[in-house]
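Work through the following exercises on charged side-chain contacts with the sequence and the model at hand. Each task is followed by a solution that proceeds step by step.

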Amino acid sequence: MERTSRRLSPAQRRPVGWALFLLSLILILPCMALPTAAVEPEAPPQSADVGVVLLLNLENNLTLYEKEADTNVYPSSSVKIMMGLLACRSLCDRLDEEVTVTAAMVAGVTGRSMHLADGEKLTIRDLLYAAICGGYNDAACVVACLSSGSVAAFVEDMNEEALRLGTLHTRYTNPTGLHDPAMCTTARDVSIIAREAYRNELYMRISSARSHTIPPTNVSPERLFSNRNALISDSSQNYYNGYCAGMNAGMTDEGGWCVVTVCERNGASNLCIILRGLDVASGELIPAYVQANRLLSWANRNYGYRTVLSAGETL
């Protein structure tokens, strides 16, 4: 008996091809969730008192809102995100080690200070909390010296890491964020650095602490300080956001207010970056914090995740 064969026409082959494609989706993607927005999302809140904004979702790098995100600005306190990341990497195995502060480590440091003294003995853990959680400039310089041997060498490491991560417009000259006209960044660059810091468990643990207590040292009584980021620590409830984790906040006269945080809510992690926020008189609400909370609330109302294919489900 002769064997006969039958060719399928292109029109007949098409359903088979689609069936195989859909089957491969089920086998390869047992569970898939996609970000979705409301059918007609409300307009994001605006603020003339905030110059630069970037709000993005960390799971998929989707930009939810941006304003002047690629404009060169002074980095202000956002410098401490890179400082904290590198210090946590290099010192994570030495947290309980006691070290002695020297005059050279804190020479010339100005701005926010916890008044570390020459000859004072502290653990590296307490110094990291002071630099990252408390935002103290003298502690930042001490951990820079402990990490790289000197502040200058640490700044070189910061710039090398910025290049490695692919930032195009970031340049550091100190580890504190104190103003220097040679320093610059963009919100887009800060988002790249912040995403890397978000992956570092030690950095996130320290930057998310509401407060920290340093026990008495050989030259100082007990020190208690709150997180510099009021989204994390604010006891007045003007800014506190219980969904926020880390990262950094602070200001300089030239760079304005900087607020960077991650909001973890309803299965989504959104990174909010605000730079060049307006400074205000004492007693007035700080626009950078207010706008950060408004944007994060807006994102939660208008964007979320919906499961479109679950494990074992037949399509």
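**Salt bridges in the predicted model**

A search of the whole structure, which is a predicted model, finds 12 salt bridges.

**Exercise 1.** Determine which residue forms a salt bridge with Arg301, and state where in the chain the two partners lie.

*Solution.* Begin with the contact itself: Arg301 pairs with Glu42, and the closest N and O atoms are 2.6 Å apart, which satisfies the 4 Å cut-off. Next, place the partners, with Arg301 in helix H9 (residues 287-302) and Glu42 in the loop between strand E1 (32-37) and strand E2 (50-57), so that the bridge links distant parts of the chain, 259 residues apart. Finally, consider accessibility: Arg301 is partly exposed at 47% relative accessible area, and Glu42 is partly exposed at 38%.

**Exercise 2.** Identify the salt bridges that Glu161 forms with Arg89 and with Arg164, and decide whether Glu161 is buried or exposed.

*Solution.* Take Arg89 to begin with: its salt bridge with Glu161 has its closest N and O atoms 3.0 Å apart. Because Arg89 lies in helix H2 (residues 79-91) and Glu161 in helix H5 (residues 151-165), the pair ties together parts that are 72 residues apart in sequence. Then turn to Arg164, whose closest N and O atoms with Glu161 are 2.8 Å apart; both residues lie in helix H5, three residues apart, about one turn of the helix. For accessibility, Glu161 has a relative accessible area of 8% and is therefore buried, the limit being under 20%, whereas Arg89 is partly exposed at 33% and Arg164 is exposed at 53%.

**Exercise 3.** Which residues are linked with Glu161 in a network of salt bridges?

*Solution.* The network links Arg89, Glu161, Arg164, Glu196 and Arg199.

Methods
Residues are numbered from 1 along each chain as its sequence is written. This is a predicted model: local features need pLDDT of at least 70, side-chain atom pairs count only at pLDDT 80 or more; totals for chains, interfaces and linings use all residues. Side-chain values use heavy atoms; hydrogens and water are left out. A salt bridge is a side-chain nitrogen of Lys or Arg within 4 Å of a carboxyl oxygen of Asp or Glu. Helices (H or I, at least four residues) and strands (E, at least two) are DSSP runs, numbered from the N terminus. Buried means under 20% relative accessible area, exposed over 50%, partly exposed in between (1.4 Å probe, protein chains only).
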